[in-house]
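Here is a quick tour of a model you may want open in your viewer. We'll go through the sheets, the packing around them, and the way the chains meet.

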Protein chains: 2
Amino acid sequence: MDDHQTLLSRLAQPAATRIVLLVLDGVGDLRTAAQPRTALEQAATPHFDALARRSSLGRLVPVATGVTPGSGPGHLALFGYDPASPAADIGRGVLEALGLGLEVTPQAVAARGNFATADAAGRLTDRRAGRIPTAECERLCARLNAAVAAAGLPDLGVAVHPGEGHRFVVLLSGNDLHPALADTDPQQLGVPPLAARALEGAAAATAARVDRLIAVLQAAIAGEPRANRVLLRGFSRLPHLPSVADLYKVRAGAFAGYPLYRGVAGACGMRVVPCGRRIGEILPVVAEHWDDFDFFFVHVKQTDQAAEDGDFAAKVRVIEEVDAALPALLDLGPDVLAVSADHSTPAPMRAHSWHPVPLLLHAPATGFVDAGERFHELEAARGALGTLPARELMGLLLAHAGRLAKFGA
Amino acid sequence: MDDHQTLLSRLAQPAATRIVLLVLDGVGDLRTAAQPRTALEQAATPHFDALARRSSLGRLVPVATGVTPGSGPGHLALFGYDPASPAADIGRGVLEALGLGLEVTPQAVAARGNFATADAAGRLTDRRAGRIPTAECERLCARLNAAVAAAGLPDLGVAVHPGEGHRFVVLLSGNDLHPALADTDPQQLGVPPLAARALEGAAAATAARVDRLIAVLQAAIAGEPRANRVLLRGFSRLPHLPSVADLYKVRAGAFAGYPLYRGVAGACGMRVVPCGRRIGEILPVVAEHWDDFDFFFVHVKQTDQAAEDGDFAAKVRVIEEVDAALPALLDLGPDVLAVSADHSTPAPMRAHSWHPVPLLLHAPATGFVDAGERFHELEAARGALGTLPARELMGLLLAHAGRLAKFGA
């Protein structure tokens with residue numbers, strides 16, 4: 001915990017109020033000569049406009065000035081964690097697993113896998129096995145799982161999950177696993193894959209178990225023409241984060257249609273509630289659970305997807321879809337509603353970016369109504385909330401919900 | 001000292017300039033659907049308006065985003081201290097004493113007391129003695145003071161001061177007192193009060209002295225039907241803060257009508273000048289002492305009082321009262337005049353809040369004149385000073401007064 005989180009945690013107290021954090025993934029966009037209006041400016045948003053006139057606007061900086069966050073750090077910051085802290089680091093293996101929709105238990109160790117090609121002498125000739133098609137990857141993963149089952153490794157649970165092309169994920173379970181293992185990918189050709197190597201003494205037994213596993217996997221595909229080696233990288237475990245329940249005295253529910261976000265929310269101690277992927281499918285589930293939680297994380301993915309595709313018009317349509325759903329959300333009567341993003345994804349860049357994200361904060365009883373007329377980046381830059389580190393948002397939400405005791409007397 | 005204060009302290013230099021910090025306690029307020037204008041917006045303030053047009057506006061965040069400060073931390077921040085630092089923590093006993101208007105010397109140890117009820121076996125049956133009336137509390141405190149005088153405790157000065165209802169304050173004086181004592185309130189019924197227990201070895205002798213004192217106090221009221229026990233909590237001493245004179249090379253005078261603010265200012269090394277409670281009574285005293293100081297802390301309490309009562313109209317009237325007094329203050333010719341608050345107290349909330357407070361900074365020779373037309377929250381949010389941690393205000397004041405040397409060459 002950083003100082004800010006420690007302070008919040010000290011002051012947090014339960015209350016009979018409800019907070020909704022609506023994350024429009026990657027909604028922040030650019031105004032450029034070629035794209036003179038952002039998607040939020042372009043969209044017809046009568047409900048957001050009306051809400052903005054009864055709310056405060058501002059902006060959040062996800063990680064640090066100029067730093068483009070991945071989805072993990074972007075969300076951790078929104079939930080009040082310092083995303084730059086090593087304690088909040090979500091390893092690549094775990095992230096890949098969450099991204100595939102796998103359930104990652106706190107004890108599991110995850111690694112990203114590549115199929116690769118080696119010559120008869122065992123030297124790598126292609127670290128991506130010629131980028132085999134996904135169907136081929138699925139066939140090979142089934143073979144790996146069968147080999148593991150046949151080998152009956154006594155002290156290691158193994159599940160191999162195919163990804164896209166040459167990529168897969170290995171989930172390991174068992175007693176006393178330790179994730180401090182170096183990659184077996186040598187990052188160069190002409191040499192064999194590396195053995196699993198412990199980066200700390202405590203991981204030595206795990207390294208030995210992983211080496212036995214690799215031998216089984218390797219043997220299962222030795223006869224394949226291309227994909228005859230496996231390379232494992234990013235061994236990691238879910239970070240051990242203090243839960244939002246302990247930190248902020250909230251019962252938190254996560255309503256997200258995509259696995260990565262469910263995974264991150266789960267890692268923060270939120271209860272992940274199954275729901276659909278579009279806002280119109282998610283909100284009825286939120287309504288059903290209105291009495292079960294007092295913090296609702298609602299995640300809309302399609303803004304980011306459209307922007308990653310460079311599809312400005314699609315991004316505008318998603319914003320209008322959320323706008324149309326807004327009355328149903330407001331009808332629930334949240335004491336605090338925040339609308340923001342985990343990062344910007346400007347359509348012209350087709351990628352995440354470092355630009356601050358707009359924030360709308362609506363709290364009928366305790367929120368300062370500023371002069372904002374619409375919810376978009378330019379208005380947000382002038383808003384009364386100012387521009388804040390994203391990890392300070394949680395303090396604002398709790399404060400507006402009457403959930404922070406006074407500091408000192 | 002935090003890094004910022006250390007830097008200021010290194011650069012601070014004397015100058016023939018005068019700074020006035022006018023604190024309108026809790027002046028920051030809300031715009032909501034139900035209260036569409038803040039008190040500062042609503043008030044007719046021709047003098048503040050004219051001053052705003054010759055000044056810079058901005059906002060201060062008293063402690064941290066979302067954190068509602070008590071009056072102690074709010075003022076410490078305005079004086080340049082990090083209010084979240086343990087070194088700046090003002091204990092509950094001291095605060096209660098300051099709040100009662102008692103003078104707390106740097107060596108004194110203060111504790112909050114409760115009268116409580118115990119049964120014949122000495123087990124607590126009511127930790128608040130049935131919330132006895134204040135007059136009863138005063139009678140009992142007089143009896144306690146008489147018992148202490150009769151007992152003639154050799155090495156401990158004791159003064160018991162009645163508060164409201166069942167509450168009182170004990171001020172201890174004597175050589176080598178140490179405040180690290182645990183509460184004697186067990187926080188539960190059915191058990192006797194706890195003995196005084198040292199939390200550190202250095203407090204062992206003080207614990208023994210306090211136990212002898214408690215025996216005297218207990219004996220004095222043993223025959224009372226309800227208030228037959230005392231519970232002591234929050235043993236504390238004035239925090240040992242570096243003085244503003246040492247830190248900033250200023251001779252500082254505090255002009256505050258209420259004890260808590262005089263106490264906090266005194267703890268920061270300001271000379272507390274006796275004065276009345278309304279701005280019209282305070283300013284003539286400031287004028288009398290214009291040659292005695294170069295930093296003037298002027299405190300107006302009534303803005304906060306009105307807002308704590310939820311009396312918006314009264315808050316507006318206090319602001320107009322200060323506005324009417326403003327020419328007299330400006331006539332003194334301060335080189336720097338800052339008007340701000342220790343925290344917001346929105347009338348609809350009837351309590352302190354976390355919302356940033358507006359700041360007006362007027363420095364005819366060195367201040368940037370921004371586009372602000374009036375002094376209120378919304379203009380302040382757009383002001384050229386931006387939104388700063390309150391503890392950075394002191395640097396601004398010193399800088400505008402020519403009291404900070406250049407950093408580096």
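In this predicted model, chain A has an open sheet of eight strands with mixed pairing, in the order β9-β8-β10-β1-β11-β12-β2-β13. The edges belong to β9 (271–272) and β13 (386–389) of chain A; each has a single partner strand, so one side of each is left without a neighbour in the sheet. At the β13(A) end, the pairing with strand β2 (residues 56–61) of chain A is parallel and runs over four bridges. If you want a spot to zoom in on, Gly58(A) sits opposite Gly386(A) of β13(A).

Chain B also has an open, mixed sheet of eight strands, ordered β9-β8-β10-β1-β11-β12-β2-β13. Its edge strands are β9 (271–272) and β13 (386–389) of chain B, and each of them pairs on one side only. For an antiparallel pair, look at β11 (residues 336–340) and β12 (residues 357–362) of chain B, joined over three bridges. There, Leu337(B) faces His362(B) of β12(B).

Which helices lie across these strands? Here are two of them, one from each chain.

| Helix | Lies across | Angle |
|---|---|---|
| α10 (residues 279–288), chain A | β8 (252–256) and β10 (295–300) of chain A | about 165 degrees to β10(A) |
| α14 (residues 393–400), chain B | β1 (19–24), β2 (56–61), β11, β12 and β13 of chain B | about 155 degrees to β11(B) |

Now for the packing. Nonpolar side chains tend to be buried together in soluble globular proteins. Here the largest nonpolar core has 269 residues, and those with the most contacts inside it are Leu21(A), Ala338(A), Leu21(B), Phe297(B) and Ala338(B). Take Ala338(B): leaving out residues up to four places away in sequence, it touches Leu21(B), Leu22(B), Leu359(B), Leu360(B), Leu361(B), Leu393(B) and Leu397(B).

How are chains A and B related? Chain B superposes on chain A by a rotation of 120 degrees with 0.0 Å of shift along the axis, at an RMSD of 0.3 Å. That is the relation of a three-fold axis. In chain B, the C-alpha nearest that axis belongs to Arg382(B), at 4.1 Å.

The contact between the two chains takes 27 residues from chain B and 23 residues from chain A. On the chain B side, the elements giving two or more residues are α4 (71–78), α5 (92–99) and α13 (377–381) of chain B. The largest share comes from α13(B), with three residues. By class, that side of chain B has 15 nonpolar, nine polar and three charged residues.

Note on methods
Residues numbered from 1 in each chain as written. Chains lettered and ligands numbered in written order. Predicted model: local features only at pLDDT ≥ 70, side-chain atom pairs only at ≥ 80, totals over all residues. Least-squares fit on C-alpha atoms with pLDDT ≥ 70 in both. Pairing = 2+ DSSP bridges. Contact = placed C-beta atoms within 7 Å. Axes fitted to C-alpha atoms, helices over the stretch in contact; angles between N-to-C directions. Nonpolar A, V, L, I, M, F, W, Y, C, P; charged D, E, K, R; others polar. Core = buried A, V, L, I, M, F, W, Y, C linked by C-beta atoms within 7 Å. Buried ≥ 20, exposed ≤ 12 C-beta atoms within 10 Å, placed from the backbone.
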